[in-house]
Amino acid sequence: MRQVTRREPAVDYQRASREVLELIGSGTTFLVDLQRMIPGLHVAEFTDREVRAVLDNHRRIRAALDWCDSALSTGDKSMDDELARILSEGDDQS
């Protein structure tokens, strides 16, 4: 019989703020969804427009993650106008 080892939780889920739990939960959901989808992508075909849409979405995700990382690391939660624009409108730099 194989013994299951459990690791210590990253946070105390009973004491963590709602925001921390939401950040961890949304990141976990995103990763699980990608793990499910990636194997099927090798056979998928995309139009140029679809590629641009996905890449634009990924740039927006990266911008949001970079801001979250910076805010958590530095405590500076201000958002510049360019990031606010990219998050709300997208980024047409394809």
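This is a quick tour of the pockets and one nonpolar patch in this structure.

Okay, ground rules: it's a predicted model, so local features need pLDDT of at least 70 and side-chain atom pairs 80 or more, while totals for chains, interfaces and linings use all residues. Numbering starts from 1 along each chain as its sequence is written, and side-chain values use heavy atoms, with hydrogens and water left out.

Let's start with the largest pocket (an open set of points on a 1 Å grid over the protein atoms alone, with protein on both sides within 12 Å along at least five of seven lines). About 300 Å³ of space lies in there, counted as the space filled by probe spheres set on the points. Its lining includes Leu23, Phe30, Ile61 and Asp69; a lining residue has an atom within 4 Å of a point. α1 (18–41) and α2 (48–74) each give two or more residues to that lining, and α1 has the largest share, 7 residues. Helices here are DSSP runs of H or I, at least four residues, numbered from the N terminus.

On to the second largest pocket, at about 230 Å³. Among its lining residues are Phe30, Leu41, Phe46 and Val51, and again α1 and α2 each supply at least two.

So what about Phe46? Phe46 sits in the loop between α1 and α2. At 47% relative accessibility, Phe46 counts as partly exposed, a class that falls between buried (under 20%) and exposed (over 50%), with a 1.4 Å probe and protein chains only.

Terms used. On a 1 Å grid over the protein atoms alone, a cavity is a set of points where a 1.4 Å probe fits but cannot get out, and a pocket is an open set with protein on both sides within 12 Å along at least five of seven lines; lining residues have an atom within 4 Å of a point.
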